[in-house]
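Subject: Structure handover

Hi,

Here is the structure I promised to pass on to you. Please have a look at it first, and then read my notes underneath.

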Amino acid sequence: MDSDSAAKGADEPDWLIDEPLGRAGATAEPAIATPWRVLIVDDDVDVHVVTKFALSQASFQGRRLSFLHAYSGTEALALLRSTPDIAVVLLDVIMETPDAGLQVAHQVRTELHNSAVRIILRTGQPGQALEHRIVIDYDINDFWCKTDLTTRKLFTAVITSLRTYATLRESQQQVTDLAAALAQCGDTPA
């Protein structure tokens, strides 16, 4: 791989996922499960690095994690619009504005109508907001002060969020399948 390709590959979100190398005459290998997409939203680069390191070995249901990165609320919303299968958002509250993270959460739920993505709010200044009001008003799934979120607690929060996301997506698919079956029944003459 030349240096340009290596540099490009390091910027892509799935670089932690090992892809099988093609071999001439090799039999078909089992498909690698699509990774869970986790969006890290924080204006502090160090938070991205530490979070990715803490979760680099995590997997759930045989699927690894793939990390996407946004450094502002605007970037986060652009990624959420273009990548509908993001399972978990680790979202900072204070970025370009004191409530940028809250505005992202609000837009995810009301404008993007995404009720499946799990939003874990992380703040470095917990005294700035009333946690119970935020969780209710912004449909937040978990709320942590960054100083309290150890590697173990972060792992637990992400895995439980992935479990909930998987269950919600399965339920949404069942509703879609049932609606299609009902529509087909309605089209069939009696």
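Below is what I found, from the overall fold down to single side chains.

Please bear in mind that this is a predicted model.

**Overall picture**

The protein has six helices and six strands. Read from the N terminus, the order of the elements is α-β-α-β-β-α-β-α-β-α-β-α. Of the 190 residues, 36% are buried. Among contacts with a separation of 6 or more, 67% are between residues 24 or more positions apart. The exposed surface comes to about 11500 Å², and 55% of that is supplied by carbon and sulfur atoms.

I also looked for disulfides, and the search of the whole structure gave zero. Two cysteines you may want to look at are Cys 145, which counts as buried because its relative accessibility is 13%, and Cys 185, which counts as exposed at 56%.

**Salt bridges**

The whole structure contains five salt bridges. One of them joins the side chains of Asp 42 and Lys 146, with 2.7 Å from N to O. Asp 42 sits in the loop between strand E1 (36–41) and helix H2 (45–55), while Lys 146 sits in the loop between strand E6 (142–145) and helix H6 (151–187), so this pair ties together parts that are 104 residues apart in sequence. The two partners are covered to unlike degrees: Asp 42 is buried, with a relative accessible area of 0%, whereas Lys 146 is partly exposed at 26%. Asp 92 belongs to this picture too, since a network of salt bridges links Asp 42, Asp 92 and Lys 146.

Another salt bridge is formed by Asp 139 and Arg 109, whose closest N and O atoms are 3.1 Å apart. This pair also links distant parts of the chain: Asp 139 is in the loop between helix H5 (131–137) and E6, Arg 109 is in helix H4 (residues 100–110), and their positions lie 30 residues apart in the numbering. Here Arg 109 is the buried partner, with a relative accessible area of 12%, and Asp 139 is partly exposed at 37%.

A local pair is found within helix H5. Asp 137 and Arg 133 form a salt bridge there, with their closest N and O atoms 2.6 Å apart. They are four residues apart in the helix and therefore separated by about one helical turn. Both ends are partly exposed: the relative accessible area of Asp 137 is 47%, and the relative accessibility of Arg 133 is 38%.

**Helix H4**

Since Arg 109 has come up, a word on its helix. H4 is mostly covered, with eight of its 11 residues buried. Those residues are Ala 100, Gly 101, Leu 102, Val 104, Ala 105, Gln 107, Val 108 and Arg 109. Their packing partners are H3, E4, E5 and H5.

**Arg 118**

What does the side chain of Arg 118 reach? Arg 118 is in strand E5 (residues 118–123). Although buried, Arg 118 has no salt bridge, and the nearest side chain of opposite charge, that of Asp 139, is 5.8 Å away. The side chain of Arg 118 instead reaches backbone oxygens: that of Ser 115 at 2.6 Å and that of Ala 116 at 2.8 Å. Beyond its neighbours within four places in sequence, Arg 118 is in contact with Ala 87, Val 88, Val 89, Arg 109, Asn 141, Ser 161, Thr 164, Tyr 165 and Leu 168. That list includes Arg 109, the residue that pairs with Asp 139.

**Thr 83**

One loop residue to finish with. Thr 83 lies in the loop between helix H3 (73–82) and strand E4 (86–92). Thr 83 is nevertheless buried, with a relative accessible area of 13%. Setting aside neighbours within four places in sequence, the contacts of Thr 83 are with Arg 37 and Leu 68. Arg 37 is 46 residues away from Thr 83 along the chain, and the C-alpha atoms of the two are separated by 9.0 Å.

Happy to go through any of this with you.

Best wishes

Notes:
Residues are numbered from 1 along each chain as its sequence is written. This is a predicted model: local features need pLDDT of at least 70, side-chain atom pairs count only at pLDDT 80 or more; totals for chains, interfaces and linings use all residues. Side-chain values use heavy atoms; hydrogens and water are left out. Helices (H or I, at least four residues) and strands (E, at least two) are DSSP runs, numbered from the N terminus. Buried means under 20% relative accessible area, exposed over 50%, partly exposed in between (1.4 Å probe, protein chains only). Contact means heavy atoms within 4.5 Å. Accessible areas come from the Shrake-Rupley method with a 1.4 Å probe; for residues, only the protein chains shown count as cover. A disulfide is a pair of cysteine sulfur atoms within 2.5 Å. Lys and Arg count as positive and Asp and Glu as negative; His and the chain ends are not counted. A salt bridge is a side-chain nitrogen of Lys or Arg within 4 Å of a carboxyl oxygen of Asp or Glu. A polar contact is a pair of N or O atoms within 3.5 Å; within protein, one must be able to donate a hydrogen and the other to accept it, and residues adjacent in sequence count only if both atoms are side-chain atoms.
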